[in-house]
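Visitor: I have a structure open and no idea where to begin. Can you walk me through it?

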Amino acid sequence: MNAALDLTPLALSLRLAAVTAVILLILGTPLAWWLAQGRSRVRFLVEALVVLPVVLPPTVLGFYLLQLLGANGPLGRLWSLLDVRLVFSFTGLVIGSVIFSLPFVVYPLKGVFEKVPRAQLEAAATLGAGPLDRFFSVAVPASLSGFLAAGVLAFAHTLGEFGVVLMLGGNIPGETQVLSIAIYNHVEQLQYPAAHALSAGLVAFSFVVLAVLHFTHSRTKAAT
Amino acid sequence: MTRLNGRFTLRRGGFLLDTAFDSAGPGVTALCGPSGAGKTSLLRCLAGLEMPEAGTLSVGGEVWFDAERGVSVPPQRRSIGYVTQEPSLFAHLSVEDNLLYGYKRLAPSARKTTLEDVVDGLGLKSLLPRRVTNLSGGERQRVAIGRALLRSPQVLLLDEPVSALDVAGRADVLRYLRLVLERFAVRSVYVSHDLREAARLANEMLWMEGGKVVAQGNARDVLTDVHLPFAELDEAESLLDGVIEGHDEQMGLTRIRCANQALWLTQVEAPVGSSHRVQIAARDVSLALSAPGAVSILNVLEAKVSDLVVAPRQPAQMIVRLDVAGHPLLARITRKSALALQLQTGTPVWALVKSVALAE
């Protein structure tokens with residue numbers, strides 16, 4: 001039974017989670033820094049937008065993304081000119097996952113960025129460092145634990161997503177059939193041992209990742 | 001030497017900084033005043049860390065800020081060294097990398113000093129490879145001063161650099177600070193609420209109250225101006241510059257020539273001929289109309305009353321400014337004594353000085 005277990009969904013999930021985490025760290029970092037610096041008046045609107053995926057059912061998010069990115073949606077049409085299909089594709093899954101997991105990157109980062117002492121940034125300025133230089137030479141080194149947390153959470157959260165993927169990606173083996181969807185399929189087809197194997201694997205993996213994260217977090221806390 | 005002048009209007013909550021200033025230097029300018037007077041705000045405006053609503057700032061003839069013309073040079077492009085009460089060292093860098101942070105960001109042609117010089121001047125050699133997290137408070141502050149000096153600043157801004165330290169740390173940092181300020185001849189502004197501490201380093205003094213610079217001048221003159229509020233403080237004192245004339249090893253005393261007279265103080269470790277500043281607390285000066293005969297006090301100076309007022313907040317006290325061969329000296333006596341002696345401007349007196357200390 002186990003020999004017949006198809007691991008393609010697992011590989012796909014890991015790939016999706018990794019790509020999503022990397023993109024999110026790149027996009028989320030400047031956004032979190034901007035929110036943490038807290039000077040703009042429209043900050044509260046942006047914050048609300050960022051948190052939205054936490055409170056909305058994933059199906060709602062998936063539905064609107066489908067509308068937006070679909071062949072008749074405004075963005076979908078634009079991309080179809082480039083011959084790229086956004087829905088029912090890996091690209092579509094990445095876009096959905098990025099939006100869905102955005103708060104899990106922005107919030108840990110915002111948290112550590114807010115703790116970077118203002119006095120250190122000012123000291124850096126008086127020592128000749130411009131804004132970008134201050135960010136990379138002072139804020140980033142002081143926030144490494146936050147980057148780790150953000151990356152791990154984005155990865156783990158993407159592994160576990162279901163609703164957005166289902167709405168946006170469908171169920172194409174090797175293209176959009178990720179782990180959670182595969183488990184769902186197995187259950188529907190009453191293939192409980194396969195469902196068990198994948199589910200238990202996901203539980204164990206998530207647990208280990210979170211344990212490692214909390215372990216390093218308590219270590220960095222103890223060190224400072 | 002670099003001249004600092006300008007004016008700032010800065011509103012922060014209920015506080016209003018609204019003042020003009022002009023400080024020609026040279027050397028150290030002490031910026032003193034009670035807490036809440038706006039000293040730190042003024043310093044932050046000089047550094048470019050606060051943006052005043054109105055005003056101007058020019059440093060050494062260069063315009064750093066002009067609200068009307070929309071000029072505001074950001075801190076990273078001002079030639080400043082900035083040292084705060086709590087040294088903000090970078091925890092992820094070693095002592096050496098902290099020291100070099102500003103130095104590396106300076107064009108090689110603008111570097112007027114070297115790591116070796118600064119390390120030597122501040123006694124940091126053994127600390128270089130250490131992490132900043134396990135330094136003592138005094139060591140951290142020395143690193144912060146070194147980091148600022150390595151910026152080769154036109155102006156070094158020091159905001160209460162020793163007030164967060166314990167007594168030992170304070171003495172340690174002040175000793176090094178005095179050495180490097182002389183060695184590197186840096187133009188500096190030294191903010192302190194502690195008048196005595198500032199007086200030890202400063203040539204020039206600005207006194208702030210309620211967001212305004214209310215008095216300014218030579219430190220010696222400002223300190224002894226009976227019309228300024230600090231002449232009334234318990235720690236009011238006069239500064240005299242002198243040269244060591246000799247030591248009396250047997251009696252354990254040192255003779256120093258100040259204001260054309262010889263003063264004795266408890267023997268100090270300093271070579272004959274070296275220049276020193278001495279401080280004399282106003283409460284340690286008594287007055288007599290005629291040369292006293294047998295008294296236990298060693299230092300008796302011939303002087304003339306140049307100004308006197310009743311201490312505004314302590315009406316039993318009289319603050320008297322004396323002229324000792326052209327040098328001002330502050331005395332605090334009771335009003336009763338002043339009346340008994342019939343003191344007035346011009347009265348020739350003898351000043352009996354109970355204690356003289358080197359200002360170090």
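Guide: We can start with chain B as a whole, then take its sheet, a hairpin, the core and the contact with chain A. Keep in mind that this is a predicted model.

Visitor: Fine. How many helices and strands are in chain B?

Guide: Chain B has eight helices and 21 strands. Its radius of gyration is 22 Å, close to the 21 Å that the globule rule gives for 360 residues, so chain B is as compact as a globular protein of that length.

Visitor: And what does the C-alpha trace span along its principal axes?

Guide: About 65 × 50 × 35 Å for chain B. Of the 360 residues in this chain, 43% are buried. If you take the contacts in chain B between residues at least 6 apart in sequence, 66% of them join residues at least 24 apart.

Visitor: Show me a sheet. In what order do the six strands of the open one come?

Guide: In chain B the order is S7-S8-S9-S3-S10-S11, with mixed pairing.

Visitor: Which strands stand at the edges?

Guide: S7 and S11 (212–218) of chain B. Each has a single partner strand, so one side of each is left without a neighbour in the sheet. On average, neighbouring strands of this sheet are turned by 15 degrees against each other, direction ignored.

Visitor: What holds strands together in general, anyway?

Guide: Strands of a sheet pair through backbone hydrogen bonds, either parallel or antiparallel. Here, strands S3 (residues 28–32) and S9 (residues 188–192) of chain B pair in the parallel sense, over five bridges. In that pair, B:Ala30 stands opposite B:Tyr190.

Visitor: Which helix packs on the sheet?

Guide: Helix H4 (residues 137–149) of chain B packs there, touching S7 and S8 (155–159) of chain B. The direction of H4 makes about 170 degrees with that of S7(B).

Visitor: New topic. Which strands form a hairpin?

Guide: S17(B) and S18(B) do, with six residues between them. They pair in the antiparallel sense over six bridges, and B:Asp307 stands opposite B:Arg321 in S18(B). S17 (residues 299–310) of chain B is also joined by six bridges to S20 (residues 348–353) of chain B, again running antiparallel. There, B:Leu301 stands opposite B:Ala351.

Visitor: What else is B:Ala351 in contact with?

Guide: Leaving aside neighbours within four places in sequence, its contacts include B:Val285, B:Leu287, B:Ala303 and B:Leu322. B:Ala351 is also one of the residues with the most contacts inside the largest nonpolar core, which has 154 residues. B:Ala30 and B:Tyr190 from the parallel pair are among them too.

Visitor: Which helix gives the largest share of this core?

Guide: Helix H5 (residues 90–115) of chain A, with 11 residues.

Visitor: So chain A matters here. How many residues does the contact take from each chain?

Guide: It takes 17 residues from chain B and 14 residues from chain A. The elements giving two or more residues to the chain B side are strand S7 (80–83) and helix H2 (95–104) of that chain. That side has eight nonpolar, five polar and four charged residues.

Visitor: S7 again. What packs against it from chain A?

Guide: The buried residues of helix H6 (residues 118–126) of chain A, A:Glu122 and A:Ala123 among them. They pack against S7 and helix H1 (39–47) of chain B, together with helix H7 (131–142) of chain A. H6(A) is followed by A:Gly128, which has a positive phi near 100 degrees.

Notes. Residues are numbered from 1 along each chain as its sequence is written. Chains are lettered from A and ligands numbered from 1 in the order in which they are written. This is a predicted model: local features need pLDDT of at least 70, side-chain atom pairs count only at pLDDT 80 or more; totals for chains, interfaces and linings use all residues. Two residues are in contact if their C-beta atoms, placed from the backbone, lie within 7 Å. Helices (H or I, at least four residues) and strands (E, at least two) are DSSP runs, numbered from the N terminus. Ala, Val, Leu, Ile, Met, Phe, Trp, Tyr, Cys and Pro count as nonpolar, Asp, Glu, Lys and Arg as charged, and the others, Gly among them, as polar. Two strands pair if DSSP finds at least two bridges between them. Axes are lines fitted to C-alpha atoms, for helices over the stretch in contact, and angles run from 0 to 180 degrees between N-to-C directions. A residue is buried if 20 or more other C-beta atoms lie within 10 Å of its own, exposed if 12 or fewer, and partly exposed in between; C-beta atoms are placed from the backbone. The radius of gyration is taken over C-alpha atoms; the globule rule is 2.2 Å times the number of residues to the power 0.38. A nonpolar core is a set of buried Ala, Val, Leu, Ile, Met, Phe, Trp, Tyr and Cys residues joined through C-beta atoms within 7 Å.
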